[in-house]
2 protein chains.
Amino acid sequence: MTTPRTGFIGLGIMGGPMACNLRKAGYTVTGYSRSGVPAACREAGVVAAESPAAVAAASEVVILMVPDTPDVDKVLFGANGVIEGVRPGTVVVNMSSISPSAEPANAARLAEKGAEYLDAPVSGGDVGAIAGTLSIMAGGKPEVFDAVRPVLASMGKTLSHIGPHGTGQTCKLANNMVGAMTLMAVAEALTFASKAGADPVRVREALLGGFAQSRILDIHGNRMIERDFAPGFKIELMQKDLNNALQNARAMGMAIPGTATAQQLFSVAVGLGGGQWDHAGIARAVEAMASHAIGEA
Amino acid sequence: MTTPRTGFIGLGIMGGPMACNLRKAGYTVTGYSRSGVPAACREAGVVAAESPAAVAAASEVVILMVPDTPDVDKVLFGANGVIEGVRPGTVVVNMSSISPSAEPANAARLAEKGAEYLDAPVSGGDVGAIAGTLSIMAGGKPEVFDAVRPVLASMGKTLSHIGPHGTGQTCKLANNMVGAMTLMAVAEALTFASKAGADPVRVREALLGGFAQSRILDIHGNRMIERDFAPGFKIELMQKDLNNALQNARAMGMAIPGTATAQQLFSVAVGLGGGQWDHAGIARAVEAMASHAIGEA
């Protein structure tokens, strides 16, 4: 595939800068977003289309970046959806974070039109989207992944092919399960230590030197100590991913009690009014249950 | 304190090599252990004493490395205990991992004899004990910590003063709370991903590149994939520390639901016969609940 024409559906906080990075890398981009193509994208040369179908008709690689499973379904298969415009050989890359279980069926329906499909959700947030340093975790045929690798490389730094359709989404959920539980671990440990009279700054430093080391202890442990809960990655988005994980685990017939506990602690944070806090705000849930804030005398 | 005479009580898997490292650093060591001074310690020049009291009478720094809270109580205050031999100005350093709440009283009883006290538990396991690279987390007076710093430096690499009496133990519990929950996180995420058809090797690699990175994902995630559950740090020892954390949290009036969930998963592993497995064996508990082993086709 030599320099394919690309299309982008969903030009929000994540999709907008990703589409701009495609332009910077020299790709043509036809764009569609519910609320219109934003000014920054138009200035970068993204050409507006009328509908997802129109984007698909104009493109050889069609990228989706929309909020959740029903949005992907609507954009692909709803009125004027991608499926109405897509041509044989086109690759549809869903970079939205949705339920893994939906992806094999999405791939199969597009395959009826001769189109290829990848699930390729990202981590790295709006900062990574702007910088073009996202981690991209892809599921689907390896040869399709290889074909669109240069396109993905203009938006991300770490590109991983994980396995068949849906496993990109599975990997993203695994990523956020680990993230959520590590946040819970750091929040409980720092609150426990602080309430017992230990200096949380020194505890964090001591733990970073040993087997409890993690990027989250480093960055978000510091946020909890500094009382910085401005997003970042919002609790309500973490909740979406954890709910997807719990739903898929239930469907597979397995228990994930640690994930369920973390989900409940995030729900405590939401109950405290924290849906829009950064996910480090899980500390406030633990603190509320302890009547003690980290670092309080 | 210029090159103090040291004493060592508890010469087991941890204490034995730690006492040898004191000898290598040039300290005299008077030793006592329930089952006698082991050959390796005698060969290194550790002099056997009859009792904890005799060790204390011969030493200016007395180090304890025994299994749990009741053992420390017995060695300090039981028949022929440290308190019967200790002299004013001697520093007793409890490097055993015990309940934080016991430590202020231990310090107070020794202070009646004019002796100083530190709680200074370690992480790093028998490997760190042998190599002299332990992490040492100390609670007590800062000037006492500074006075024995050279002695501690012959056994450990990272020396942290955390706060008043008991906070060394608190920091150690915080360390193991984070460790236990991160192990739970990695076990659930890899089992979930593997059961959903993703390659756990690629999932681990993708996650190491992002915000889910941790030393445990790196080392113990690999152990889970390689099916290596030989100890290492045994599940039954992790259980002891988690039980101490839960007990102290209850006494302080705070909930640590993530820690409690991890403790339950380790109990599942013990129920499966895994008390002697390495703590990475928590994966087998998660796998049992999923009827799926990580990496199984």
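**Chain A and chain B: symmetry and interface**

Chain A lies on chain B with an RMSD of 0.0 Å after a turn of 180° and a shift of 0.0 Å along the axis (least-squares superposition on C-alpha atoms of residues with pLDDT of at least 70 in both copies). That is the relation of a two-fold axis. This is a predicted model: local features need pLDDT of at least 70, side-chain atom pairs count only at pLDDT 80 or more, and totals for chains, interfaces and linings use all residues. Residues are numbered from 1 along each chain as its sequence is written, chains are lettered from A in the order in which they are written, and side-chain values use heavy atoms, with hydrogens and water left out.

**Symmetry**
- A:Ser214 comes closest to the rotation axis of the residues of chain A, at 2.0 Å (C-alpha).
- The same surface serves both copies: 100% of the contact residues of chain A recur in chain B.

**Extent of the interface**
- Contact (heavy atoms within 4.5 Å) links 63 residues of chain A with 63 residues of chain B.
- The buried area is about 5100 Å², and carbon and sulfur atoms give 70% of that (accessible area lost when the two parts are put together, 1.4 Å probe, summed over both).
- A:Phe192, A:Phe211 and A:Arg215 supply 16% of the area that chain A buries against chain B, more than any other three residues.

**Polar links**
- The count is 12 residue pairs in polar contact, both residues at pLDDT 80 or more (N or O atoms within 3.5 Å; within protein, one must be able to donate a hydrogen and the other to accept it, and residues adjacent in sequence count only if both atoms are side-chain atoms).
- The rule finds 0 salt bridges across the interface (side-chain nitrogen of Lys or Arg within 4 Å of a carboxyl oxygen of Asp or Glu).
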